[in-house]
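Let's take a friendly walk through a few local features of this model. Have the sequence and the coordinates open as you read.

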Amino acid sequence: MELVGVAEIRVMLGNVSRQRASVVANQRNFPEPIAVLAMGKVWLRSDVEAWIREHRPELTAGS
């Protein structure tokens with residue numbers, strides 16, 4: 001089980017700003033975080049990758 005935070009999500013979204021990654025991660029249709037730690041929310045990498053495939057297919061077109 002691999003976990004990711006906003007810093008990793010930012011890279012997964014194509015190196016968007018940290019603020020933009022936070023906005024995306026707070027959208028209603030974004031996966032629920034698996035935990036909320038002192039350093040922030042964390043998600044399962046597989047959930048975020050699935051969300052990106054569905055909602056940002058242009059980011060996975062070359063994969």
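## Rings, a buried arginine and the surface

In this predicted model, ring pairs link Phe 30, Trp 43 and Trp 51 into a cluster. The count of aromatic pairs comes to two. For Phe 30 and Trp 43, the ring centres are 5.7 Å apart and the planes stand at 85°, so this pair is edge-to-face. Because Phe 30 sits in the loop between H2 and E2 while Trp 43 belongs to strand E3 (residues 40–44), the pair ties together parts that are 13 residues apart in sequence. Both Phe 30 and Trp 43 are buried.

Trp 51 also turns up among the contacts of Arg 56, along with Leu 13, Arg 20, Val 24 and Gln 27, leaving aside residues up to four places away in sequence. Arg 56 is found in the segment after helix H3 (45–55). What is the nearest side chain of opposite charge to Arg 56? That is Glu 58, 4.7 Å away, and Arg 56 is buried yet has no salt bridge. The cut-off for a salt bridge is 4 Å, so Glu 58 does not qualify.

Two loop residues can be set side by side:

| Residue | Loop | Relative accessible area |
|---|---|---|
| Asn 15 | between helix H1 (6–12) and helix H2 (18–25) | 53%, exposed |
| Ile 34 | between H2 and strand E2 (35–37) | 43%, partly exposed |

Asn 15 has a positive phi of about 65°, although it is not a glycine. Ile 34 joins Met 1 and Leu 3 in a nonpolar surface patch, with about 350 Å² of accessible area together.

Methods:
Residues numbered from 1 in each chain as written. Predicted model: local features only at pLDDT ≥ 70, side-chain atom pairs only at ≥ 80, totals over all residues. Heavy atoms only, no water. Helix = DSSP H or I, 4+ residues; strand = E, 2+ residues; numbered from the N terminus. Buried < 20%, exposed > 50% of the residue type's maximum accessible area, 1.4 Å probe, protein only. Lys, Arg positive; Asp, Glu negative; His and termini not counted. Contact = heavy atoms within 4.5 Å. Patch = residues over 30% accessible without salt bridge, like charges linked within 9 Å, V, L, I, M, F, W, Y side chains within 5 Å. Areas by Shrake-Rupley, 256 points an atom, 1.4 Å probe, with all protein chains shown as cover. Phe/Tyr/Trp six-rings, centres within 6.5 Å; stacked < 30°, edge-to-face > 60°.
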